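Open your viewer and get ready to select things one at a time. This tour tells you what to click next and what you will find there.

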Amino acid sequence: MPLYEYEHCDGKCKICGGRFTLLRPVNAPELTHCPLCKAPVRRVLSSFNTPNFLKPLSVSDAKKAGFTVLKRLGKGEYERQ
Ligand SMILES: [Zn+2]
């Protein structure tokens, strides 16, 4: 099931925070209202198109974010950065 992201048309909601994601079947009818507060919502087309996501992550950025960065040395061999 694809994950869809929705945001409120008016941008604020005390229950869901104004933005939420839902797992929905592909053939489900388009969601037009927040299931929590019944306010009108619109689908956010792709959260993967944000500039932040396109920016290449450096090793230090990844470490700061709490990732363990591994460098691939060869088949099945990794070195901790
Ligand atoms: Zn809501």
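Helices (H or I, at least four residues) and strands (E, at least two) are DSSP runs, numbered from the N terminus. With that in hand, Arg 42 can be placed in strand S3. Residues are numbered from 1 along each chain as its sequence is written. What you have open is a predicted model: local features need pLDDT of at least 70, side-chain atom pairs count only at pLDDT 80 or more, and totals for chains, interfaces and linings use all residues.

**Stop 1: the whole chain**

Show the cartoon view. You should find two helices and five strands, and from the N terminus on they run β-β-β-α-α-β-β. Now colour by pLDDT, which is the predictor's confidence in each residue, from 0 to 100. The chain averages 78, and 84% of the residues score at least 70. Which elements have the lowest and the highest mean pLDDT? Helix H1 (residues 51-54) has the lowest, 49, and S3 the highest, 89. Where pLDDT is low, the predicted coordinates should not be read in detail.

**Stop 2: the three-stranded sheet**

Select residues 3-8, which form strand S1, and residues 19-23, which form strand S2. These two strands run antiparallel and are joined by five bridges; two strands pair if DSSP finds at least two bridges between them. Add residues 41-44, strand S3: four bridges join it to S1, again antiparallel. Together they make an open sheet of three strands in the order S2-S1-S3. S2 and S3 are the edge strands, each pairing on one side only. From one strand to the next, the twist averages 35° (axes are lines fitted to C-alpha atoms, for helices over the stretch in contact, and angles run from 0 to 180 degrees between N-to-C directions).

Next, pick out some facing residues. Leu 3 stands opposite Leu 23 in S2. Then click Glu 7: Arg 19 in S2 stands opposite Glu 7, and so does Arg 42 in S3.

**Stop 3: Arg 42**

Stay on Arg 42. Is Arg 42 buried or exposed? Arg 42 is exposed, because 12 other C-beta atoms lie within 10 Å. The cut-offs are these: a residue is buried if 20 or more other C-beta atoms lie within 10 Å of its own, exposed if 12 or fewer, and partly exposed in between, with C-beta atoms placed from the backbone. Leaving aside neighbours within four places in sequence, Arg 42 is in contact with Tyr 6, Glu 7 and Cys 9. Two residues are in contact if their C-beta atoms, placed from the backbone, lie within 7 Å. Now find Thr 32, ten residues from Arg 42 in sequence and 6.4 Å away, C-alpha to C-alpha.

**Stop 4: Cys 37**

Move to the loop between S2 and S3, where you will find Cys 37. Cys 37 counts as partly exposed because it has 13 C-beta neighbours inside 10 Å. Apart from neighbours within four places in sequence, Cys 37 is in contact with Cys 13, Ile 15 and Cys 16. Cys 13 is 24 residues from Cys 37 along the chain, and their C-alpha atoms are separated by 7.5 Å.

**Stop 5: Thr 68**

Finally, select the loop between helix H2 (59-64) and strand S4 (70-74) and find Thr 68. Thr 68 counts as exposed because it has 9 C-beta neighbours inside 10 Å. Gln 81 is 13 residues from Thr 68 in sequence and 7.7 Å away in space, C-alpha to C-alpha.

Before you close the viewer, zoom out again: buried residues make up 4% of the 81 residues in the chain.
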